Amino acid sequence: MKDNVGDDTTINAMAYNTLDNFLYAYQGGNNELIRISSDGTTEVVGTFPATASVFVGDIDTDGNYWCGTGNTWFQIDLRPGSPTYGTLIDNGTVNNLGLGVNDWVYFPDGGQYLYAAARNSTGGGSTTLIRFSLDTKTYEVIQRYPNVGGHTWGAMYGINNGTLYASDNTNGEIWAFPIEGGSAYLAAQGPVSNQNDGARCVLNLDV
């Protein structure tokens, strides 16, 4: 679709904003938040602190962009027409429970939470389904999957029936996790990657 996106440096923490139908992402070259149009053209809408590192991200239906590293978080206003559009509203740190969090997903029917399939780095590796509370800024464990995964879950996205999809960077497997807990299953075979992300309109049930 488009080569040389933005300043042509790595982008991550990509998310879809249901309020204006743009994609947004962190671009690492100058620590910028960029807006991506349907033709791949971009516009810089904000700048992160020079020390920021950002690779998880999603946008809730109120236009808040929640991004960070899994144990740091930023809240940025992306409401069209807002006087604080593109600016940092709040930020902080959080105990990630010793888990590797590389993306998270907002579900309109999932309450005030961001959901993630997280890698357990000890015991040979496995997966824990967790959620980050937008109210208390803490993580909660939903369910542990000792026989699923073991690698980095690099890209995640969801559909509005409460299903979280996560891509395994090492083998390309895409697994489906119900956000209320329950059996996970192998949904598809995707590409192996060491740099990826996933974003979609979570209000759309079609996959």
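This short presentation covers the salt bridges, the nonpolar cores and one sheet of the structure shown above.

Good morning. Please keep in mind throughout that the model is predicted.

I begin with the charged side chains. The count of salt bridges comes to 3. One of them joins arginine 35 to glutamate 43, with the closest N and O atoms 2.7 Å apart. Glutamate 43 is partly exposed, because its relative accessible area of 42% falls between the 20% limit for buried and the 50% limit for exposed.

Another salt bridge brings together arginine 79 and aspartate 77, at 2.9 Å from N to O. Are these two partners buried or exposed? Arginine 79 has a relative accessibility of 40% and so counts as partly exposed. Aspartate 77, at 1%, counts as buried.

There is also a salt bridge between arginine 131 and glutamate 140, where the closest N and O atoms lie 2.8 Å apart. Glutamate 140 has 28% relative accessibility and therefore counts as partly exposed.

I turn now to the nonpolar interior. The largest nonpolar core contains 32 residues. Within this core, the residues with the most contacts are Trp104, Phe132, Trp153, Met156, Leu164 and Phe177. Which elements give two or more residues to this core? They are strands S10 (105-106), S11 (113-120), S12 (126-133), S13 (139-145), S14 (153-159), S15 (163-168) and S16 (173-178). Of these, S11 gives the most, with 6 residues. Another core, of 15 residues, lies apart from the largest one. Its members include Val45, Phe48, Phe74 and Leu78.

Three of the strands just named, S14, S15 and S16, bring me to the sheet. Here 4 strands form an open sheet in the order S14-S15-S16-S17, and the pairing is antiparallel. Which strands stand at the edges? They are S14 and S17, the latter spanning 185-189. Each has a single partner strand, so one side of each is left without a neighbour in the sheet. From one strand to the next, the twist averages 30 degrees.

As a general reminder, the strands of a sheet pair through backbone hydrogen bonds, in either a parallel or an antiparallel manner. In the present sheet, S16 and S17 run antiparallel and are joined by 4 bridges. For a specific position to locate on the screen, take isoleucine 174, whose bridge partner in S17 is alanine 188.

That concludes the presentation. Thank you for your attention.

How values were computed
Residues are numbered from 1 along each chain as its sequence is written. This is a predicted model: local features need pLDDT of at least 70, side-chain atom pairs count only at pLDDT 80 or more; totals for chains, interfaces and linings use all residues. Side-chain values use heavy atoms; hydrogens and water are left out. A salt bridge is a side-chain nitrogen of Lys or Arg within 4 Å of a carboxyl oxygen of Asp or Glu. Buried means under 20% relative accessible area, exposed over 50%, partly exposed in between (1.4 Å probe, protein chains only). A nonpolar core is a set of buried Ala, Val, Leu, Ile, Met, Phe, Trp, Tyr and Cys residues joined through side-chain atoms within 4.5 Å. Two strands pair if DSSP finds at least two bridges between them. Axes are lines fitted to C-alpha atoms, for helices over the stretch in contact, and angles run from 0 to 180 degrees between N-to-C directions.
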